[in-house]
Amino acid sequence: MLSTPTESVVRDGGPPTEPAPRPRTSRYERPVLVAIAALAALLSLWGLNHSSYHGFYAAAVRSMTDNPVAFLYGSFDPGNTLTIDKLPGFLWPQALSALVFGFHPWALVLPQALEGVASVVLLHVVVRRWAGVPAGLLAAAFLALTPVTVGLGRSVTEDAPFVLLLLLAAEATSRATERGRTGPLLLAGFWVGVAFQCKMLEAWAVLPALAATYLVAAPRSLRRRLRDLALAAAVMFAVSVSWMVVAALTPGSARPYLDGTTDNSPFSLVVGYNFLTRFNAVGVDAAGTGSVAPNQSLRAAGSGPGMGDSVWKMFSPGLATQTGWLYPLAALGLAGGAVALWRRRAARTDRVLAGQVLWGVWLATFFLVFSFGSVTGHTYYMGVVAVPLAAFAGAGVVKARRAGLRGGGRAWVLPVALAANAAWCVTLTLWYPRFLPWSAPTAVALGVVALVLTAIRSRPRVAGAGLALGLAAVLLVPAAWSASALSLRYNQPGSLARVGPSSSRPGNPLARLAPAQRSMLGYLTAHRGGAEYLAAIPGWWSAAPYVISANARVMPMGGFTGRVPYPSSARFHRLIDSGRLRYVVLSRAEVLAGHRHRDRTPVGGLVRWTSGHCTLVPAAAYGSRDLAHRLYDCGPAHQR
């Protein structure tokens, strides 16, 4: 159990005080933590052999296992033509897993599953140091049962390693704050820099929380604290920009073109395309940054009800059902902790104060960033919000329980908070009444029984059982949603981290070649000659099956949005004239759009030139009846 810290106030310039004693290990701690970790592993690893490929990221991983250049830069294709539209750090574990176990769908999901389990255990470690063993265990259990956490562990997105790395930074910062040590603070800066390789500038959103924690609570002089923060910032910045510096100093001809940019600049990729364009809905203009404008259809995909750019977005069913189940209990932990610290006039170096600052600033920063930044309906962004929610909820339940045991008219706080949270969970399910319809009435029944039992204060054991039932009522709905991931009816590993009624994926058609495409691939391979590329194909979605299924050396044109000016007209024609590229595969829709000048992108111009100057290869030549795709021969003897 955590005793009240007794640290004295440390005056600036004075010697550091001895930190408060750490929470003692209880007999139940390790068995319970092992059980929670096992539960998290079960929810993430079950059915992994039924994983599917994510068309965009799986193609990149396949290419990254092909050569060191592709691995370093995150090439989408094995020919190192284009990168993905993000920094490649989050795919490095997946590529290494594919190299070890072979290129299989489950091998690409496995790293995220392990990272999710590690995050659950690490949250316990950090919360335990702040609020004690019971709070740490509750926080770990809350995080493990949050749908978005389960989704991240069964996905191929960048947020699973991102959450783990930020938790590593928080753990190092808490150790640095406890004793005023510089080393762990520098380590925290390193972890944030590595997190930058996963989600770029979003990683820096955690800096106010880490910096405020050390600045407020470290037992060192103000000058020493500022110096330590400056050193940690230098480490963080150096690690963060390391990949960008390497990409900027490497000639463009020696590396793939950076997707999402118009000038092949890593600055444009990170600052323009992956940051400023996310806030255009609130008036931020990314023009002039060298970034490609976002595709509006992609921005709106899966946004769901209530997904406007405001604080209310975080309470919308599209996001709250994945990560916001614990809002009432987290509010209890946040407000209750602040009131308790105020009443006892906690010392500046108080460990409880440090934790309150860490999780409070973390939650507020990411809450506001995501409220006004576009997340395009992708709930996996919310994984980093689930962490402080679970931490505050765990601490809030324990503090309220202890306050109730001490009496003083506060015994009602926890039962009311549990009832409010259960009601909130039931309310969220009303948006999806056909999904696990038994969960809402069962939670209501448990909540009513819990309130009745907790009202019997004359029998403490009965009241305690009521609180346990109240907690079960809170966890029933999110636990049921999370457990639905174990069924292929509701979830297939390899998806985009949504767990619940909209997560079912019957495989990914982009991950395999259709019979017509396989016939075309056979023809291209047989007639390749000395060409470097089998074919050029507009759009990653059309090129992905060839890369994933056959590791084919195709040239994707236009990048993720279809608007990247690569290859340029000059480069395209040089490739054609030199014989390095002969064939171009176009869809019927692309040809029609080109003829009608609807597609005014650089790739649209190449499509028009191809359909107007190259010879159409009859489908019968490669034994196909597919009328949706057309193969053009642009060799010197076949140009009109």
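**Lys 399**

I began with Lys 399, which counts as partly exposed at 26% relative accessibility; in my notes buried stands for under 20% relative accessible area, exposed for over 50% and partly exposed for what lies in between, with a 1.4 Å probe and protein chains only. The model I am reading is a predicted one, in which local features need pLDDT of at least 70 and side-chain atom pairs count only at pLDDT 80 or more, while totals for chains, interfaces and linings use all residues. Residues are numbered from 1 along each chain as its sequence is written, and side-chain values use heavy atoms, with hydrogens and water left out.

I found Lys 399 in helix α18 (residues 383–406), where helices are DSSP runs of H or I with at least four residues and strands are runs of E with at least two, numbered from the N terminus. I then listed its contacts (heavy atoms within 4.5 Å): leaving aside neighbours within four places in sequence, Lys 399 touches Trp 130, Gly 337, Val 352 and Gln 356. I also noted that Lys 399 and Gly 333, 66 residues apart in sequence, are 7.7 Å apart from C-alpha to C-alpha.

**Ser 97**

I looked up Ser 97 next and placed it in helix α4 (residues 92–101), where it counts as buried at 7% relative accessibility. Not counting residues up to four places away in sequence, Ser 97 is in contact with Gly 102, Ala 107, Leu 110 and Pro 111.

**Aromatic rings**

I paired rings of Phe, Tyr and Trp (its six-membered ring) if their centres lie within 6.5 Å, calling planes under 30 degrees apart stacked, over 60 edge-to-face and the rest tilted. By this rule I have 33 aromatic pairs. The rings of Trp 204 and Phe 237 have centres 6.2 Å apart and planes at 40°, so I entered the pair as tilted. Trp 204 lies in the loop between α9 (182–199) and α10 (207–217), and Phe 237 in helix α11 (residues 222–240), so this pair ties together parts that are 33 residues apart in sequence. Trp 204 is partly exposed, with a relative accessible area of 25%, and Phe 237 is also partly exposed, at 46%.

I entered Tyr 257 and Tyr 566 as a stacked pair, with 4.9 Å from centre to centre and 25° between the planes. Tyr 257 sits in the loop between α12 (242–249) and α13 (266–273) and Tyr 566 in the loop between β2 (554–557) and α24 (569–578), so the pair ties together parts 309 residues apart in sequence. Both Tyr 257 and Tyr 566 are buried.

I also noted one aromatic cluster formed by Phe 56, Tyr 57, Phe 76, Phe 90, Trp 540, Trp 541 and Phe 560.

**Helices α8 and α17**

I turned to helix α8 (residues 159–179) and helix α17 (residues 351–372), whose axes come within 10 Å and cross at roughly 150°. I recorded that on the α8 side Leu 166, Leu 167, Ala 170, Thr 177 and Glu 178 meet Arg 351, Ala 354, Leu 358, Trp 359, Trp 362 and Phe 366 of α17.

**The chain**

I closed with the totals for the protein chain, which has 26 helices and 5 strands and in which 59% of the 640 residues count as buried. Of the contacts in the protein chain with a separation of 6 or more, 73% are between residues 24 or more positions apart.

Definitions and conventions: Axes are lines fitted to C-alpha atoms, for helices over the stretch in contact, and angles run from 0 to 180 degrees between N-to-C directions.
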